[in-house]
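Dear colleague,

I am handing over the structure we spoke about, and I would be grateful if you could look through it alongside the notes that come after it.

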Amino acid sequence: MQVARDIFGTIGEIGVHHGWFFAVLASCAKSCESLFACDIFGDGSLNIDRSGNGSLEHFLTNAANAGVNGRINVFDTSSVFLLEQYDLPPIRMLSIDGGHTQTLTYNDLLFASCVLSEGGVVFLDDFMNTGWRGVQRGFSAFLVYHYQGRLIPFSFYHVKLKSLKWPIKTESKLLFTTRGHVTSYQESLLRAFPKSSLVNSSVLRWAFEDRVNGEYIRSKFPLVHIML
Ligand SMILES: C[S@@+](CC[C@H](N)C(=O)[O-])C[C@H]1O[C@@H](n2cnc3c(N)ncnc32)[C@H](O)[C@@H]1O
């Protein structure tokens, strides 16, 4: 969808761990596009919520297997320092899956809104994971303070995966883009996945419960595309 719209730029992830999702993202990159990976890797003192134990060595091995290791800009640091160090072109695809606290989620969404290219897409992981409520709180805080900003949630997907390691593993990601591209992405997704549905922001209402005692500012947000 992005290439058809001439949207190019950097592709990267905050919280790469061993690089499984990063490899998927990196496979979408054109040879002229930059890649970046931000993780605290082995530095447990910075991993305040114990959200996985990243490893630079495993990450680079997996990136080499995916054929992209020579091109990655590695930011071996907490994402709170990322904005001041970031020196790459604007981002067209960003996965946020680093620290899962409210503050770190808020920080990472703020980073995204500063560096996302027009029509870029952000994937916020674990949005519906009740084990990581900080993600929902960080998202809610972000929308409360930046509801007139450029980053707008436009789609949500929730899938159940079966694997040898986990009998059932659920994956849920909330997708954002810039304000002017919401409708065209939603229309394209509905064409590609006709069985999915457009609902009136019930996902956002759920995420707002803690923040505003059920007082949900319904009219300020666009429809959210739910892929079931
Ligand atoms: C759930 S894992 C990421 C999984 C990975 N995205 C994947 O799909 O395979 C979370 C990662 O975030 C990293 N992390 C934790 N706090 C961070 C922070 N403040 N800044 C950057 N990365 C952080 C951890 O080291 C860990 O590797």
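The notes below go from the chain as a whole to the ligand shell, the core, the paired strands, two helices and two backbone angles.

Please keep in mind that this is a predicted model, in which local features need pLDDT of at least 70 and side-chain atom pairs count only at pLDDT 80 or more, while totals for chains, interfaces and linings use all residues. Residues are numbered from 1 along each chain as its sequence is written.

The secondary structure comes to seven helices and nine strands, where helices (H or I, at least four residues) and strands (E, at least two) are DSSP runs numbered from the N terminus. Of the 228 residues of the chain, 37% count as buried; a residue is buried if 20 or more other C-beta atoms, placed from the backbone, lie within 10 Å of its own, exposed if 12 or fewer, and partly exposed in between. Among contacts (C-beta atoms within 7 Å, placed from the backbone) between residues at least 6 apart in sequence, 73% join residues at least 24 apart.

The ligand is surrounded by 22 residues, of which the closest are Gly15, Phe21, Gly52, Gly54 and Gly98, a residue being near if its C-beta atom, placed from the backbone, lies within 6 Å. The elements that give two or more residues to this shell are β1 (10–14) and α1 (20–26).

The largest nonpolar core, a set of buried Ala, Val, Leu, Ile, Met, Phe, Trp, Tyr and Cys residues joined through C-beta atoms within 7 Å, has 40 residues, and those with the most contacts inside it are Ile96, Ala112, Val122, Leu124, Leu175 and Phe176. Strand β5 (residues 116–125) gives the largest share of this core, five residues. Once its neighbours within four places in sequence are left aside, Phe176 is in contact with Val122, Leu124, Leu151, Ile152, Pro153 and Phe154.

Strand β4 (residues 91–96) is mostly covered, with six of its six residues buried. Strands pair if DSSP finds at least two bridges between them: β4 runs parallel to β1, to which five bridges join it, and five bridges also join β4 to β5, again in parallel. Ser95 in β4 is the bridge partner of Glu13, and the bridge partner of Ser95 in β5 is Phe123.

Helix α4 (residues 102–115) has 14 residues and reaches 20 Å from its first C-alpha to its last, close to the 20 Å expected at 1.5 Å a residue, the expected span being 1.5 Å times one less than the number of residues. Its buried residues include Leu104, Leu109, Phe111 and Ala112. In α5, which holds Arg133, the buried residues include Val135, Phe139, Phe142 and Leu143. Arg133 itself is partly exposed, because 15 other C-beta atoms lie within 10 Å, and its C-alpha is 7.8 Å from that of Thr101, although the two are 32 residues apart in sequence.

Two backbone angles deserve a look. Most residues other than glycine have a negative phi, yet Asp6, in the segment before β1, has a positive phi near 60°, and so has Asp126, at about 60°, in the loop between β5 and α5. Asp6 counts as exposed because it has 7 C-beta neighbours inside 10 Å, whereas Asp126 is buried, with 22 other C-beta atoms within 10 Å.

With best wishes

Technical notes: Contact = placed C-beta atoms within 7 Å.
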